[in-house]
Every structure is written in C-alpha cells, then in structure tokens.
Amino acid sequence: MKKSINGFLWIVLFLVAYLAIQAVASLIGYTFTHRKELDVNTMLAVFGVSSALTIMLFTFCKWSPFSRTYLQSHPWSALFWVILLTMGTIIPSVWFEELIGADIMSEDQKDMLMKLMKEPAGYIVVGILVPVAEEMVFRGAILRKLLELFHSRMYWWAIVLSALLFGVVHGNMAQGLHAFLLGLLLGWMYWRTNSIVPGIVLHWINNTVAFVLSNLIPGAEDARLVDIFGGDQRSVYLALAFSLCIFLPSLYQLTIRLKKEEP
C-alpha cells in the first residue's frame, strides 16, 4: 500500500513539475510582452524554453532514466516500421475525430496553432523539442512509474492511464483525442522496449506531418477530410483503407521486432 501511495505521489510530482514549467514560462512571456495575448514569436519562445527546461530537469533528476541499451541493439528496421506505422495512423485518427465530432477547436487555439506551424522555427519547437520533452514526461517518467505499480498482467491499465493524462494536458478535444490514441501506441512501444526512442520517432513523424500539411494545404485548420479530397467521400474511404493497409502490417511487424525486455 505504501509503495502504491509513493508511486502515485511521484506521478503527481512529474505532472506538477511539467505543468509548472509551462506556467512559469508563459507568465514570463506575458510579463515581458505586457500583453493579454502572446504573439507567435513569444509563444515559440515559451514552448521552446519550457520544453528545453523539462528535458533538462527530467534528465538531471533522473526521472526519465537515460540508457543507450536500446540504440546499441541497432533497432533500425524497427524504427523504419515505426515511421510507416505513424503514417498509417494519421487519416484514421482524423476520420475518427470527425466521426464523433471531436475535431472542434476554438478559433483562438486554431489561429495560434496555425501561426506556430507557419513559422520555420516552429518546426524546431513543435517537431523536435516538444516530442522529446513529452516522451520523457509521459512515457519515460509517468508510464515507467505506472508500470511499476500495476501487476505485469495489468500493463494495459498503465498504458491507458498514461495515454489519458497525455490527452488531457493538451487542453482541447481535437488535440486531446488524437494524443490519447497516439498515447496508446506510444505506451505500448515503451512497454515492449523500456525505451522512449521508438516513441520519440513516432511523435516526431506525427508532428512533422502536421507541420508539413499545415503549410501545403490552404485553410488546413478548417478543412475536413472530404474537403481535402476534393469533396469526394469515396476518396476519403479509399484513403482510409490505404492507411489501414500501411498501419496493420506495420503494427504486425512491430509486434515481432519490438521485443519485450525485462527491466
């Protein structure tokens, strides 16, 4: 019982530290700009600084232990399938969000997100720093601790709970549901490998695709799949089927290549 309480207290600490860094970085941004709303450059600085500080804190405190063990196993073919798996998740995830009406985001959130995506420096922050920081927090620290608390046969509860927390901190349904669904895959890969490396790759590819599409497709923030495919619903279903033809074989390959390692 004492072990469980201590474990959950550690998880609370990880979350509080992560959110506190973001809050302090935002407060400093508001203080220096003297504005009620942050401009895009200040937002980039806030996200960049908060992500860098998170990485440094979780590394220095060893809350997300660093090990070269997984990379020394030369998992390059597995990481290739992680990339393909990520590509196969994008359209099904967006389609599911639209189906249940969870793709709605406030105009202010959409406007700020698109401005971030339009800035070249936005890729360094959103595409690289944020994935590393979030994987260290939600898989390397929180999920690691949850897996210690749950019985080995109940590992899925740990994965689901970490994915739920990952979705909630995004603050809106549109990003939150997508983060939750990805969080299940990210958690499963961490459980199999005891490494955040596959998760960082998946997270990086996911954010990179979002960055590229937002710059290639005019009005991407308001576009639905049927609009992107020229108003043809059949094309949407074909794209969905094609995505599943990438996703399912990739998932099968990863079940073979991501061997379950004991801590």
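1. Which residues does threonine 89 touch, not counting residues up to four places away in sequence? In this predicted model, the residues that threonine 89 touches under that condition are Leu182, Leu185 and Phe247. Threonine 89 itself is found in helix 4, the element that spans residues 76–100.

2. The setting of threonine 89 can be described further from its accessibility and its polar partner. Its relative accessibility is 8%, and threonine 89 therefore counts as buried, given that the term applies under 20% relative accessible area. The side chain of threonine 89 also reaches the backbone oxygen of threonine 86, at a distance of 2.7 Å.

3. Turning to charged pairs, a search of the whole structure finds 3 salt bridges. One of them is formed by the side chains of arginine 139 and glutamate 135, which meet at 2.7 Å, taken from N to O. Both arginine 139 and glutamate 135 lie in helix 6, which covers residues 120–149, and their positions are 4 residues apart, about one turn of the helix. A reader inspecting this pair should note that arginine 139 is buried and that glutamate 135 is buried as well.

4. Another salt bridge links arginine 144 with glutamate 148, where the closest N and O atoms are 3.5 Å apart. These two residues, arginine 144 and glutamate 148, likewise both belong to helix 6 and are 4 residues apart, which corresponds to about one turn of the helix. As for accessibility, arginine 144 has a relative accessible area of 18% and so is buried, whereas glutamate 148, at 40% relative accessibility, counts as partly exposed.

5. Glutamate 148 also forms a salt bridge with lysine 145, and here the closest N and O atoms are 3.4 Å apart. Lysine 145 and glutamate 148 are separated by about one helical turn, because they are 3 residues apart in helix 6. Lysine 145 counts as buried, its relative accessibility being 13%. Through salt bridges that share partners, Arg144, Lys145 and Glu148 are joined into one network.

6. One point on the burial labels deserves care when they are carried into further work. The label for arginine 144 rests on a relative accessible area of 18%, and this residue is called buried because the class is defined as under 20%. Glutamate 148 is called partly exposed because its 40% relative accessibility falls between that limit and the 50% over which a residue counts as exposed.

Terms used
Residues are numbered from 1 along each chain as its sequence is written. This is a predicted model: local features need pLDDT of at least 70, side-chain atom pairs count only at pLDDT 80 or more; totals for chains, interfaces and linings use all residues. Side-chain values use heavy atoms; hydrogens and water are left out. A salt bridge is a side-chain nitrogen of Lys or Arg within 4 Å of a carboxyl oxygen of Asp or Glu. Buried means under 20% relative accessible area, exposed over 50%, partly exposed in between (1.4 Å probe, protein chains only). A polar contact is a pair of N or O atoms within 3.5 Å; within protein, one must be able to donate a hydrogen and the other to accept it, and residues adjacent in sequence count only if both atoms are side-chain atoms. Contact means heavy atoms within 4.5 Å.
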